[in-house]
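The following exercises ask the reader to examine a protein model step by step. Each task is followed by a worked solution.

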Amino acid sequence: MKKFKAYYLLLISSLILLMLGFLVGRETVDINLHDTYYVITRNHLYWLISILLVLFFLIYLLFDKAKINFGHLFSKVHIFGTLISVLGLLFPYSLIFSKAKFPLYDYSLYINLSMTISILVFLMFQILFIIVIFVSIIKKMKSFLA
């Protein structure tokens, strides 16, 4: 029996988000950034994040097949941190707003704050991931040359 690797959670969650993207419908997400207001549909946001998670899964899979080890702690921190930040990005909007009511301006302050924090946390984990990739490649090259 094969051991369950943590990066399979990325594939499972991307498939769930892909299915949710088809089920959500045409609801919109408003993101206020400085003086600009971005309005996108939620299903496109779900699909974009699903594609990103599949990309991370493929990177982990390729490095696993090439026998380049990331370190179990760093890979688990990256995977779980990415999934938690994605949950923080996608679900506060649907929890605060109900479909029956028109959203008040006061609510958008909390949503924009939570989405901004989630995006910053997501970017922090991706920077950690890039650093770990370079460190593990350098370690593999040193062991290969020695």
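**Exercise 1: A residue of helix 1**

L15 has a relative accessibility of 46% and therefore counts as partly exposed. The model under study is a predicted one.

Task: State where L15 lies, and how far L15 is from W47 in sequence and in space.

Solution. Step 1: L15 belongs to helix 1, which covers residues 8–24. Step 2: along the sequence, 32 residues separate L15 from W47. Step 3: in space, the C-alpha atoms of L15 and W47 are 9.6 Å apart.

**Exercise 2: The overall architecture**

Task: Determine how many helices and strands the protein has, and in what order the elements run from the N terminus.

Solution. Step 1: the secondary structure consists of 4 helices and 2 strands. Step 2: read from the N terminus, the order of the elements is α-β-β-α-α-α. Step 3: the protein has 146 residues, of which 34% count as buried.

**Exercise 3: The span of helix 2**

Task: Compare the expected span of helix 2 with the distance between its end C-alpha atoms.

Solution. Step 1: helix 2 runs over residues 42–65 and has 24 residues. Step 2: the expected span is 1.5 Å times one less than the number of residues. Step 3: for helix 2 this gives 34 Å, and the end C-alpha atoms are 35 Å apart, so the two values agree.

**Exercise 4: Burial in helix 2**

Task: Decide whether R42 is buried or exposed, and name further residues of helix 2 that are buried.

Solution. Step 1: R42 lies in helix 2. Step 2: a residue is buried if its relative accessible area is under 20%. Step 3: R42 has a relative accessible area of 6% and is therefore buried. Step 4: other buried residues of helix 2 include L45, Y46, I49, L53 and F56. Step 5: R42 and L20 are 22 residues apart in sequence, while their C-alpha atoms are 9.7 Å apart in space.

**Exercise 5: The salt bridge**

Task: Identify which side chains meet in a salt bridge, and describe which parts of the chain the pair links.

Solution. Step 1: a search of the whole structure finds 1 salt bridge. Step 2: the side chains of D64 and K5 meet in a salt bridge, with an N to O distance of 3.2 Å. Step 3: the pair links distant parts of the chain, for D64 is in helix 2 and K5 is in the segment before helix 1, 59 residues apart. Step 4: D64 counts as partly exposed because its relative accessibility is 26%. Step 5: K5 counts as partly exposed because its relative accessibility is 31%.

**Exercise 6: K67 and a positive patch**

Task: Explain what is notable about the phi angle of K67, and state which residues form a positive surface patch.

Solution. Step 1: most residues other than glycine have a negative phi. Step 2: K67 is not a glycine, yet its phi is positive, at about 65°. Step 3: K67 lies in the loop between helix 2 and helix 3. Step 4: with a relative accessible area of 64%, K67 is exposed. Step 5: K2, K65, K67 and K140 form a positive surface patch. Step 6: K140 lies in helix 4, residues 105–145, and counts as partly exposed at 35% relative accessibility.

Methods:
Residues numbered from 1 in each chain as written. Predicted model: local features only at pLDDT ≥ 70, side-chain atom pairs only at ≥ 80, totals over all residues. Heavy atoms only, no water. Buried < 20%, exposed > 50% of the residue type's maximum accessible area, 1.4 Å probe, protein only. Patch = residues over 30% accessible without salt bridge, like charges linked within 9 Å, V, L, I, M, F, W, Y side chains within 5 Å. Areas by Shrake-Rupley, 256 points an atom, 1.4 Å probe, with all protein chains shown as cover. Salt bridge = Lys/Arg side-chain N within 4 Å of Asp/Glu carboxyl O. Lys, Arg positive; Asp, Glu negative; His and termini not counted. Charge placed at Lys NZ, Arg CZ, Asp CG, Glu CD.
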